[in-house]
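Dear colleague,

I am passing on the structure below, together with some notes on what turned up when I went through it. Please read them beside the coordinates and tell me where you would read things otherwise.

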Amino acid sequence: MNTIVTSREAILAESRKLVMEKGIDSVNMRSVAAACNVAVGSIYNYFPSKADLISAAVEDVWKDIFHMSGESMKFEHFTDCLAWLYERILKGCEQYPGFFTLHSVSFAAEDKSSGRRMMEKYFAHIRQNLLHVLAADPLVREDAFDDQLSAGQFVDMIFTLLTSLLLQNQKCCEPLLVVAARCIYEYNIESNEGGFYED
């Protein structure tokens with residue numbers, strides 16, 4: 001058995017494998033040390049506590065989910081960004097079974113509170129990116145938002161619906177895209193196809 005691990009990245013790589021194979025609940029000091037073939041004390045050299053390890057593992061899985069395509073994505077339209085986001089998380093759910101569901105509905109235990117905070121941080125980051133794309137989308141109607149419905153409230157509502165679809169294991173988010181588009185874009189009611197059009 002090795003006594004030291006060469007890098008933090010090696011530990012996180014083994015942690016990701018554990019999440020893929022057995023779920024986030026399987027990540028702890030002993031299981032990761034065994035996977036790395038090192039003494040438990042070696043893990044503590046990089047992660048002072050189990051909470052720190054879980055938090056880092058959660059962050060690493062999210063990074064992998066959003067970078068697994070290797071694409072650098074920029075979106076002109078909100079609905080395009082929403083469709084891409086759904087597809088990425090859906091594929092992440094396939095690669096890391098139970099990860100999204102577990103984080104969305106649990107993380108109540110004290111030693112997982114830091115994992116929950118990391119999840120909430122990622123959710124806030126996702127919402128912020130959606131808001132940024134929405135603000136820059138040239139097709140959004142000028143009167144789409146007002147005192148009764150702000151852009152931030154709209155994004156929060158759409159994100160809640162998105163997570164609900166994912167938790168239901170829905171493979172398609174087309175209804176969500178239609179709802180979002182009808183709320184923010186001009187809608188051609190007279191069209192036979194009922195489609196959207198640019199001014």
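With which residue does Arg-16 form a salt bridge, and how far apart are the closest N and O atoms? Before the reply, please bear in mind that this is a predicted model, and that the values below are computed from it.

The partner is Asp-60, and the closest N and O atoms of the two residues are 2.4 Å apart. Because Arg-16 belongs to helix 1 and Asp-60 to helix 4, this pair ties together parts of the structure that are 44 residues apart in sequence. The two ends are placed as follows: Arg-16 is partly exposed, with a relative accessible area of 23%, whereas Asp-60 has a relative accessible area of 14% and is therefore buried, the cut-off for that class being under 20%. As a general remark, side chains of opposite charge can pair when their charged atoms come close.

A search of the whole structure finds 6 salt bridges, and two others are worth setting beside this one. In helix 4, Glu-59 and Lys-63 lie 4 residues apart, about one turn of the helix, and they form a salt bridge whose closest N and O atoms are 3.8 Å apart; Lys-63 is partly exposed, with a relative accessible area of 39%. In helix 5, Glu-87 forms a salt bridge with Lys-91, the closest N and O atoms again being 3.8 Å apart, and these two residues, 4 residues apart in that helix, are separated by about one helical turn. Both ends of this pair count as partly exposed, Glu-87 at 35% relative accessibility and Lys-91 at 37%.

Turning to the interior, the largest nonpolar core has 57 residues, and those with the most contacts inside it are Ile-43, Trp-62, Phe-78, Leu-82, Leu-130 and Leu-162. At least two residues of this core come from each of several helices, among them helix 1 (8-22), helix 5 (78-95), helix 7 (113-136) and helix 8 (151-167), while helix 4 gives the most, with 9 residues. In soluble globular proteins, nonpolar side chains tend to be buried together.

Trp-62 may be a convenient place to begin when you look at this core: leaving aside residues up to four places away in sequence, Trp-62 touches Ile-89, Phe-99, Phe-100, Met-119, Tyr-122 and Phe-123.

With best wishes

Definitions and conventions:
Residues are numbered from 1 along each chain as its sequence is written. This is a predicted model: local features need pLDDT of at least 70, side-chain atom pairs count only at pLDDT 80 or more; totals for chains, interfaces and linings use all residues. Side-chain values use heavy atoms; hydrogens and water are left out. A nonpolar core is a set of buried Ala, Val, Leu, Ile, Met, Phe, Trp, Tyr and Cys residues joined through side-chain atoms within 4.5 Å. Buried means under 20% relative accessible area, exposed over 50%, partly exposed in between (1.4 Å probe, protein chains only). Contact means heavy atoms within 4.5 Å. A salt bridge is a side-chain nitrogen of Lys or Arg within 4 Å of a carboxyl oxygen of Asp or Glu.
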